[in-house]
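Good morning, and thank you for joining this meeting. Today I would like to talk about charged side chains and how they pair.

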Amino acid sequence: SLTGFDCSGFIQALFRVHGIRLPRDAQRQAEEGRSVSREEVHEADLLFFKGSEKKGRTITHVGLALGKDLFVDAGSYWPTSLDSRDPSYSQKRAENFILARRIL
């Protein structure tokens, strides 16, 4: 994983470089921008995921879309896919996907 960043800090830093201020935590970042359907996701949209069942349905993870099903986050060195046909598919992330938001 990327040293010194959690998922929401990573997203916050990426957007700050481009002059866009976002809240520090994933739950609050999910309130920014406008909602888009999974089919409408494109580059730079934010993808939000729920945590473990004991944490309920609150948003605990965020990634940056590289396209419809591919995203990057602070938790991995390589892009992750939500498409089960892709070698970088993450079943956990696909099952825990909650919503997508467009900031740009």
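**Salt bridges and their surroundings**

With a relative accessibility of 41%, K68 counts as partly exposed. Please keep in mind throughout that this is a predicted model.

What does the side chain of K68 meet? Its partner is the side chain of D69, and the two form a salt bridge at 4.0 Å, N to O. D69, for its part, counts as buried, at 17% relative accessibility; the cut-off for that class is under 20%. The pair does not stand by itself, as R38, K68 and D69 are linked in a network of salt bridges.

Let me now widen the view. How many salt bridges does a search of the whole structure find? The search returns 5. As general background, side chains of opposite charge can pair when their charged atoms come close.

I turn next to R102 and D45, whose side chains meet in a salt bridge of 2.8 Å, N to O. This pair links distant parts of the chain, with the two positions 57 residues apart in numbering: R102 belongs to strand β6, residues 97–102, while D45 lies in the loop between β1 (34–36) and β2 (46–50). Are these partners buried or exposed? R102 is buried, at 12% relative accessibility, and D45 is buried as well, with a relative accessible area of 1%.

Finally, consider R85 and D83, whose side chains form a salt bridge of 2.9 Å, N to O. Here R85 counts as exposed, at 73% relative accessibility, whereas D83 counts as buried, at 18%.

Conventions. Residues are numbered from 1 along each chain as its sequence is written. This is a predicted model: local features need pLDDT of at least 70, side-chain atom pairs count only at pLDDT 80 or more; totals for chains, interfaces and linings use all residues. Side-chain values use heavy atoms; hydrogens and water are left out. Helices (H or I, at least four residues) and strands (E, at least two) are DSSP runs, numbered from the N terminus. Buried means under 20% relative accessible area, exposed over 50%, partly exposed in between (1.4 Å probe, protein chains only).
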